[in-house]
Amino acid sequence: MNGSQQKTSVVPNVAYVIAGIAWLCGYFVMRYAAIPSDPKSLGWPEGGKVFLSLVVPLVVSAWIVLIGYIYGDSKRRLMRAWLWVLLAIFIPNAIGIILYFILRDPLPFYCSRCGTSVNAKFTFCPNCATPLRPTCTQCGRGLERGWAHCPHCGTPAPVANRQIPNAGPPASGTS
């Protein structure tokens, strides 16, 4: 996929289908098997039984869609998708899901010259060696836009790098 093509949804369609099937099966199990067989639920009002039959499968379906989002988003970020899915499923109390959102990599972008998907941490395109970020003139490491000095060696950054994009023209010394 190149930079001009984009998917409309990060969640794979398979996740929506599995979530829908899980909701439908969960509804019928709750409504016609679990709730009627429980002696404690015999005195419940009919609305409470219907509500419980709808909500419990909905929570499970939402969890399935969230796992699908983790799969799609981790593939989009060039991470190990199945590893993160397994961590999100098997680490209890949603800690795996929380870890994913804390530790996920930044979104990759596409090289303006060759269209290769490039990790956001790279300074040069691995396919065509196009510079993707400004580099320090002394040590050669990548600089972020707006930095005045290299954080690795302290060399002043080029003047063009110091101007923050979309901030307007630099202020003049005269009033």
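1. The buried residues of helix 2 pack against helix 1 (13-37), helix 3 and helix 4. These buried residues are K49, S53, P57, S61, I64, I67, G68, I70, G72, D73 and S74. The model is a predicted one, and the points below start from helix 2 and work outwards.

2. For orientation, the protein has five helices and two strands. Taken in sequence order, they give the pattern α-α-α-α-β-β-α. Of the 175 residues in the protein, 26% are buried. Among contacts between residues at least 6 apart in sequence, 31% join residues at least 24 apart.

3. Helix 2 covers residues 46-76. Its length can be checked: at 1.5 Å a residue, its 31 residues should span 45 Å, and the C-alpha atoms at its ends are 45 Å apart, so the two values agree.

4. On the side of helix 1, one pair of residues can be given. A34 sits in helix 1 and has a relative accessible area of 32%, so A34 counts as partly exposed. A34 is separated from S53 by 19 residues in sequence, and their C-alpha atoms are 9.2 Å apart in space. S53 is one of the buried residues of helix 2.

5. Next comes the pairing of helix 2 with helix 3. Two packed helices are described by the angle between their axes and the distance between the axes. Helix 2 and helix 3 (residues 81-90) pack at an angle of about 150°, and their axes are 8 Å apart. Angles over 145 degrees count as roughly antiparallel, which is why helix 2 is roughly antiparallel to helix 3. The crossing of helix 2 with helix 3 is right-handed.

6. Which residues in helix 2 meet helix 3? From helix 2 they are W63, I67, I70, Y71, S74 and K75, and from helix 3 their partners are A81, W82, W84, V85, A88 and I89. By class, the residues of this contact of helix 2 with helix 3 comprise 10 nonpolar, one polar and one charged.

7. The loop between helix 2 and helix 3 contains L78. L78 is not a glycine, yet its phi is positive, at about 60°. This residue comes just after helix 2. L78 has 52% relative accessibility and therefore counts as exposed.

8. Helix 2 also packs with helix 4 (95-103). The axes of helix 2 and helix 4 come within 12 Å and cross at roughly 30°. Helix 2 and helix 4 are therefore roughly parallel to each other, and helix 2 passes helix 4 in a left-handed crossing.

9. In this contact, W63, L66, I67, Y69, I70, D73 and S74 of helix 2 meet I97, Y100 and F101 of helix 4. The contact of helix 2 with helix 4 has eight nonpolar residues, one polar and one charged. W63, I67, I70 and S74 are among the helix 2 residues that meet helix 3, and these four residues also meet helix 4.

10. How do helix 3 and helix 4 lie to one another, and at what angle do their axes cross? Their axes come within 7 Å and cross at roughly 140°, which makes helix 3 oblique to helix 4. W84, L87 and A88 in helix 3 meet G96, I97, L99, Y100 and L103 in helix 4. The residues of this contact of helix 3 with helix 4 divide into seven nonpolar, one polar and no charged.

11. W84 and A88 recur: both meet helix 2, and both meet helix 4. On helix 4, I97 and Y100 meet helix 2 and also meet helix 3.

12. N93 belongs to the loop between helix 3 and helix 4. Its phi is near 60°, a positive value in a residue other than glycine. N93 has a relative accessible area of 69% and so is exposed. L78, in the loop between helix 2 and helix 3, likewise counts as exposed.

13. Is T123, further along the chain, buried or exposed? T123 counts as buried, because its relative accessibility is 15%, and buried means under 20%. T123 lies in the loop between strand 2 (117-118) and helix 5 (159-162). Its contacts, leaving aside neighbours within four places in sequence, are T130, P131, L132, R133, T135 and G142.

Notes
Residues are numbered from 1 along each chain as its sequence is written. This is a predicted model: local features need pLDDT of at least 70, side-chain atom pairs count only at pLDDT 80 or more; totals for chains, interfaces and linings use all residues. Side-chain values use heavy atoms; hydrogens and water are left out. Axes are lines fitted to C-alpha atoms, for helices over the stretch in contact, and angles run from 0 to 180 degrees between N-to-C directions. Angles under 35 degrees count as roughly parallel, over 145 as roughly antiparallel, 65 to 115 as roughly perpendicular and the rest as oblique. A crossing is left-handed if the near helix is turned anticlockwise from the far one by less than a right angle, and right-handed if clockwise. Contact means heavy atoms within 4.5 Å. Ala, Val, Leu, Ile, Met, Phe, Trp, Tyr, Cys and Pro count as nonpolar, Asp, Glu, Lys and Arg as charged, and the others, Gly among them, as polar. Buried means under 20% relative accessible area, exposed over 50%, partly exposed in between (1.4 Å probe, protein chains only). The expected span of a helix is 1.5 Å times one less than its number of residues.
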